[in-house]
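Q: Please take a close look at one helix for me, from the residue before it to the loop that follows.

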Amino acid sequence: MSDNVPVIDEGLTGARHLLVLPDRDAAEEVAEALPERFRVTQEPQLVRDALAGEDDAEDAQWLVVVEDPAGELDPAALDAFADEYDGWLEAEWPE
């Protein structure tokens, strides 16, 4: 028998969604609107994502991290919502 164990529990249904927004104002508006529009129960996290090699705040994107423990949020709807603020839903969570 191998000592390796699965990293992901196949019975786990939760998800984490990452919305990428062009600036802090857009990220804050999205985070504020998410609970009402999508019935998100956990407060979204805001994260500044500076572009590689850039120190200037003007070159930063902002991320809104949305926990979806029940796996109920529609990624297409989240992507369309982020698009309203010139953002997008990241297709894969960075490892």
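**A helix and the loop after it**

A: Start at the far end. In this predicted model, R39 sits in the loop between α1 (24-38) and β2 (45-50). The helix that leads into this loop is the part to examine.

Begin with its dimensions. α1 has 15 residues. Its first and last C-alpha atoms are 20 Å apart, close to the 21 Å expected at 1.5 Å a residue.

The N-terminal end is capped by D23. One of its side-chain oxygens lies 3.2 Å from the backbone nitrogen of D25.

Further along, α1 bends by about 30° at E32. A proline, P35, follows within four residues of the bend.

Now the buried side. A26, A27, V30, A31, L34 and F38 are buried in α1. An α-helix has 3.6 residues a turn, so residues three or four places apart point the same way. The buried residues of α1 pack against three strands, β1 (15-21), β2 and β3 (60-68), and against the helix α2.

Then comes the exit. α1 is followed by R39, whose phi is positive, near 60°. R39 is not a glycine. This residue is exposed, with a relative accessible area of 66%.

There is a parallel elsewhere. D86 lies in the loop between α2 (75-83) and β4 (88-89). Its phi is also positive, near 60°, and D86 is a residue other than glycine. D86 is exposed, at 62% relative accessible area.

Methods
Residues numbered from 1 in each chain as written. Predicted model: local features only at pLDDT ≥ 70, side-chain atom pairs only at ≥ 80, totals over all residues. Heavy atoms only, no water. Helix = DSSP H or I, 4+ residues; strand = E, 2+ residues; numbered from the N terminus. Buried < 20%, exposed > 50% of the residue type's maximum accessible area, 1.4 Å probe, protein only. Expected span 1.5 Å × (residues − 1). Bend = angle between axes of the 7 residues up to and from the residue. Contact = heavy atoms within 4.5 Å. Polar contact = N/O pair within 3.5 Å; in protein donor to acceptor, adjacent residues only side chain to side chain.
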